[in-house]
Amino acid sequence: MQAEERQHRIEEYLQKVEFASLEELAQQVDASVSSVRRDLTALESKGTLRRTHGGARLINPRSDEFTFSTRDTHQLDEKEIIGRACAEFLKPNQTIIIDAGTTAYHVARQLENKTLHIVTNSLPVANHFASSQRVEVVVSGGVIYPRVGVLVGPLAVEAFSKIRADIAIMSCGGITPDGVTNSHGLLIEIQRAMLQAAQRVILCVDHTKFGRQSISRFCDLDAIDTLITDQAPAPEMLRALDKAGVEIIVATSTGHEVLQPGKSRTVPIPNAANTPTETSITPAREPAFSAPDRFVD
């Protein structure tokens with residue numbers, strides 16, 4: 001493939017996802033990372049995109065589809081209901097990872113009166129707790145992607161690979177019997193690190209995400225412990241979740257019900273040498289951080 005064609009394909013792909021890693025782009029155009037670097041340099045000189053640490057982002061996207069403010073207007077009532085239900089499962093002094101999805105943000109909005117330690121790559125979540133006296137927030141490093149309100153890149157991935165948390169609260173672009181997907185490759189790398197860092201994973205999705213396939217796949221269904229949603233999934237989806245041992249909770253304006261209990265199973269947890277080993281999710285691990293009852297100057 002000639003350089004001109006590769007660059008055209010890179011532009012087309014970035015119009016769909018807005019930002020991507022070097023590895024992701026190399027896979028899309030079936031070229032080496034070094035070739036993609038040269039292509040990005042050429043496209044940057046034309047003013048098409050801006051290179052970032054480990055990838056590139058589009059300068060002038062054609063739509064606001066991926067902006068946080070736009071996405072946060074979709075299924076707003078459902079997200080609030082899901083957020084309230086999820087917050088009930090969190091206990092004082094737990095260490096909680098919260099990802100950059102808008103549904104996860106609505107969970108965070110329900111946590112103001114809880115004494116928690118939150119680790120996040122979401123700028124809206126961090127800003128929400130900026131003046132909180134009860135919630136301590138650790139923000140990952142990384143490159144700021146302003147439209148999406150998220151920190152991305154190798155530094156963000158490294159931050160989550162070095163912590164241990166009680167629970168990870170996550171959202172996604174779509175979920176099917178084949179697995180969970182999201183819209184950006186750079187987010188996928190961070191979400192995978194979050195999965196490995198948490199003792200338990202809660203996926204919060206509204207009903208519109210069922211049956212939807214986003215661009216990048218980030219985990220199998222059996223990586224999820226609990227799924228909280230606003231409507232029961234279709235029978236095929238229910239069967240797949242049951243087979244994977246996922247607990248399903250349906251949230252309503254008056255409360256929530258357990259539609260399907262989860263099953264005991266083992267999940268890979270990285271050991272000190274970062275080598276995956278099998279261990280049960282049942283025994284509690286000492287979290288890396290524990291939020292104090294109060295904070296002092």
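In which order do the three strands of the open sheet stand, and is their pairing parallel or antiparallel? The legends below take up that question first and then visit other parts of this predicted model.

**Figure 1. The open sheet of β10, β11 and β13.** Here is the answer: the strands follow the order β10-β11-β13, and they pair in the antiparallel sense. The edges of this sheet belong to β10 (174–176) and β13 (216–219), and each of them has a single partner strand, so one side of each is left without a neighbour in the sheet. On average, neighbouring strands here are turned by 35 degrees against each other, direction ignored. As a reminder for this view, strands of a sheet pair through backbone hydrogen bonds, either parallel or antiparallel.

**Figure 2. A closer look at the pairing of β10 with β11.** Three bridges link β10 to strand β11 (residues 179–182), in the antiparallel sense. To find your place in this pair, look for Thr176, which stands opposite Gly179 in β11.

**Figure 3. Strand β15 and its enclosed setting.** Is β15 (residues 247–252) largely enclosed or largely open? Five of its six residues are buried, so the strand is largely enclosed by the rest of the structure. Buried here stands for a relative accessible area under 20%.

**Figure 4. The β-α-β unit that leads into β15.** Strand β14 (residues 226–229), helix α10 (residues 235–243) and β15 make up this unit, and it is right-handed. The two strands of the unit, β14 and β15, pair in the parallel sense over four bridges. A handy landmark is Ile228, with Ile249 of β15 standing opposite.

**Figure 5. The hairpin of β15 and β16.** How many residues lie between the two strands of this hairpin? There are two residues between β15 and β16. The strands run antiparallel, and five bridges join β15 to β16 (residues 255–260). One pair to look for is Thr252 with its bridge partner in β16, Gly255. Seen together with the previous view, β15 pairs in the parallel sense with β14 and in the antiparallel sense with β16.

**Figure 6. Asp30 and Asn93, two loop residues with positive phi.** Asp30 sits in the loop between α2 (22–29) and α3 (33–45). Its phi is near 55 degrees, a positive value in a residue other than glycine. The relative accessible area of Asp30 is 72%, so this residue is exposed. Asn93 belongs to the loop between α5 (76–87) and β4 (95–98), and its phi is near 70 degrees, again positive in a residue other than glycine. With a relative accessibility of 27%, Asn93 counts as partly exposed.

**Figure 7. Asn60 and Gly47.** Asn60 is found in the loop between β3 (55–58) and α4 (68–71). Its relative accessibility of 58% makes Asn60 exposed, because the cut-off for that class is over 50%. From C-alpha to C-alpha, Asn60 and Gly47 are 9.3 Å apart in space, and 13 residues separate their positions in sequence.

**Figure 8. The whole chain, for orientation.** Stepping back, you can count ten helices and 18 strands in the secondary structure of the chain. Of its 297 residues, 51% are buried. Among contacts between residues at least 6 apart in sequence, 59% join residues at least 24 apart. The accessible surface comes to about 14,000 Å², and 47% of that area belongs to carbon and sulfur atoms.

Technical notes:
Residues numbered from 1 in each chain as written. Predicted model: local features only at pLDDT ≥ 70, side-chain atom pairs only at ≥ 80, totals over all residues. Heavy atoms only, no water. Buried < 20%, exposed > 50% of the residue type's maximum accessible area, 1.4 Å probe, protein only. Pairing = 2+ DSSP bridges. Axes fitted to C-alpha atoms, helices over the stretch in contact; angles between N-to-C directions. Right-handed = clockwise from strand over helix to strand, strands pointing away. Contact = heavy atoms within 4.5 Å. Areas by Shrake-Rupley, 256 points an atom, 1.4 Å probe, with all protein chains shown as cover.
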